[in-house]
Amino acid sequence: MNDHDAIQPDGTPRDESPRDESPRVETPRDETPTTRLRKELPQEVPAAVARAERPEESGKPTLTGRQRLVQGLWPPRVSRAQLIVALLLFGLGFGLAVQVASNSESGNALRGARQEDLVRILDELDDRSQRLEDEKQGLEKQRQELENSSDQAEEARKQTVEKEKQLGILAGTVAAQGPGITMVIEDTKGTVEADMLLDAIQELRAAGAEAIQVNGVRVVAGTYLTESGKSVSVDGNKINAPYRFKVIGKPQDLEPALNIPGGVVQTLEKEQATVSVERSTKIVVDALRAAEQPDYARSSSQ
């Protein structure tokens, strides 16, 4: 090849490099490699169109948040354990409600009381506490006497005799006398019932009554009262109005206990009964009960 051949007609040097004779694929000028690759991939589908093309979801309406909440709560799916817990909580709540209502009623009864009545109730509570403290000290004194006595057998015998007398008074097998009160209930309308007399007995016991007699019937721990036509029966013994209570105990405690606001006297007066209470330095309770041998209970020392 000469120099003439190396120069093209336009005067530029001729390219002497070997030519690639393989076929070429021409790329359009407006297409870049990235555009060509994107055409070769599957065409993208918008999310809204793809969601609409699902046959299982296209027929369902869209639920709001409140509707989904209601759908999750109803119908309820309750297990046995959940049902038991719910019943227990209901019972607990009902019991608390009854207790609160009871306390509210008691508070309302005292809320309307006079200052003198409230002071008297507080004094009565103090007297009860003092009685319990005195009883405790008495028992401790007996124990010390037994421990310190030179003749413990004789001391034990004396205490046994004394205890027997005390138990005889409580059991109603021996007569008793001492300070106390006499309460008479006149019931001309016939409105006094057995439960009212029982409330009076319970109130007297709570105030420290040591011996009680009602119309010639001795009241003991196992005494019961029932309706007997238009009258009342005490341990099966029929008694009629007026009902006379002879009570041995501290008069300063017994009388205020009956006259507290909403107490025995006010309750009976609401039933149109007349109640009179009289203190006395000597009350004789001479109604006796026969000593009964228990059918099943025996002394543990036998």
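Is Leu-92 buried or exposed? Leu-92 is exposed, with a relative accessible area of 52%; exposed means over 50%, buried under 20%, and partly exposed in between, using a 1.4 Å probe and protein chains only.

**Before selecting anything**

This is a predicted model, in which local features need pLDDT of at least 70, side-chain atom pairs count only at pLDDT 80 or more, and totals for chains, interfaces and linings use all residues. Residues are numbered from 1 along each chain as its sequence is written, and side-chain values use heavy atoms, with hydrogens and water left out.

**Stop 1: the whole chain**

Show the protein chain as a cartoon. It has 10 helices and 8 strands. Both are DSSP runs numbered from the N terminus: helices are H or I with at least four residues, strands are E with at least two. Of the 302 residues, 22% are buried. The chain exposes about 23100 Å², and carbon and sulfur atoms supply 53% of that area (Shrake-Rupley method, 1.4 Å probe; for residues, only the protein chains shown count as cover).

**Stop 2: helix α5**

Select residues 80-111, which form helix α5 and include Leu-92. Now add Val-85, Leu-89 and Leu-96: together with Leu-92 they make a nonpolar surface patch of about 390 Å². Patch residues have over 30% relative accessible area and no salt bridge; like charges are joined within 9 Å, and nonpolar side chains (Val, Leu, Ile, Met, Phe, Trp, Tyr) within 5 Å. A salt bridge is a side-chain nitrogen of Lys or Arg within 4 Å of a carboxyl oxygen of Asp or Glu.

**Stop 3: the sheet**

Select β4, β5 and β6, an open sheet in that order with antiparallel pairing. Strands β4 (225-228) and β6 (237-239) stand at the edges with a single partner strand each, so one side of each has no neighbour in the sheet. From one strand to the next, the twist averages 35 degrees. Between β4 and β5 (residues 231-234) there are 4 bridges; two strands pair if DSSP finds at least two bridges between them. Leu-225 stands opposite Val-234 in β5.

Next add helix α8 (residues 194-206), which packs on the sheet and touches β4 and β5; its direction makes about 155 degrees with that of β4. Axes are lines fitted to C-alpha atoms, for helices over the stretch in contact, and angles run from 0 to 180 degrees between N-to-C directions.

**Stop 4: Ser-233**

Finish in strand β5 with Ser-233. Ser-233 counts as buried, at 7% relative accessibility. Not counting residues up to four places away in sequence, it touches Tyr-224, Leu-225, Thr-226, Ser-228 and Lys-238; contact means heavy atoms within 4.5 Å.
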